[in-house]
Amino acid sequence: VHVYNPKDNSCTQMFQGTHTSGGQKTNANGDIIIASTSGIAFHGEGADRKMYAFVEDLNPAKQLVRYDLGTSDSWNNAPSHFYSTVSSYLTKNNVEIVSCDKGLWICQNYYGATDHNTATPVFLFMDFDGNILFNSTTILGANSSEYAFESGIAINKDMTRLAVAGGGNAN
């Protein structure tokens, strides 16, 4: 993750630390700061700014995490919070996250995977406390990969439209 400064047209690395051979970035204490990340979303401003990320190579693997960044543009600590319950549903490597005023939309798929079910849904919606408020399997059925073949999603501000990239189309 890079931070862009429009005043001098420069980018700096947000996450400090040392890269490991496993693709992780660690700090001097050996804490994993971040690793392979397929989706990130920011929410809040100033002291309340947070970054949410799906990080594949943490321990345990495939975790939805939160970084309580506040006004800082650099980070050298482990994630502030792990969403273990939500992460247990995220078994694919291709996860997209979109933030809105009420929480996070999460979309997952692994190109062509057809094993989605209640435990591995295509879409989830969670509040910022990690409570799952929507699991797409309840309305789309177990084999709903066609709705999010490539996992790109967007939501409008009033949450009345969810756009999904699927099989080369926007649905």
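**Surface patch and ring pairs**

Analyst: In this predicted model, Val1 has a relative accessibility of 31%, so Val1 counts as partly exposed.

User: Where is Val1 found in the chain?

Analyst: Val1 sits in the segment that comes before strand β1, which covers residues 2-5.

User: And which residues form a nonpolar patch with Val1 on the surface?

Analyst: Val1 is joined there by Ile40 and Phe42, and together the three have about 210 Å² of accessible area.

User: Let's switch to the rings: how many aromatic pairs does a search of the whole structure find?

Analyst: The search finds 6 aromatic pairs. In one of them, Tyr52 and Tyr83 have ring centres 6.3 Å apart and planes at 35 degrees, so this pair is tilted, since the tilted class runs between stacked, under 30 degrees, and edge-to-face, over 60.

User: What does that pair tie together?

Analyst: Tyr52 belongs to strand β7 (residues 50-55), while Tyr83 is in the loop between β9 (81-82) and α1 (84-87), so the pair ties together parts that are 31 residues apart in sequence.

User: Are Tyr52 and Tyr83 buried or exposed?

Analyst: Tyr52 and Tyr83 are both buried.

User: OK, what about Trp105 and Phe125?

Analyst: Trp105 and Phe125 also form a tilted aromatic pair, with 5.0 Å from centre to centre and 50 degrees between the planes. Trp105 lies in strand β11 (residues 103-108) and Phe125 in strand β12 (residues 123-126), so far as the sequence goes 20 residues apart, and the pair links these distant parts of the chain. Both residues, Trp105 and Phe125, are buried.

User: Which residues do ring pairs link into a cluster?

Analyst: That cluster consists of Phe15, Tyr67 and Trp75, linked by ring pairs.

Notes: Residues are numbered from 1 along each chain as its sequence is written. This is a predicted model: local features need pLDDT of at least 70, side-chain atom pairs count only at pLDDT 80 or more; totals for chains, interfaces and linings use all residues. Side-chain values use heavy atoms; hydrogens and water are left out. Patches are made of residues with over 30% relative accessible area and no salt bridge: like charges are joined within 9 Å, nonpolar side chains (Val, Leu, Ile, Met, Phe, Trp, Tyr) within 5 Å. Accessible areas come from the Shrake-Rupley method with a 1.4 Å probe; for residues, only the protein chains shown count as cover. A salt bridge is a side-chain nitrogen of Lys or Arg within 4 Å of a carboxyl oxygen of Asp or Glu. Helices (H or I, at least four residues) and strands (E, at least two) are DSSP runs, numbered from the N terminus. Buried means under 20% relative accessible area, exposed over 50%, partly exposed in between (1.4 Å probe, protein chains only). Rings of Phe, Tyr and Trp (its six-membered ring) pair if their centres lie within 6.5 Å; planes under 30 degrees apart count as stacked, over 60 as edge-to-face and the rest as tilted.
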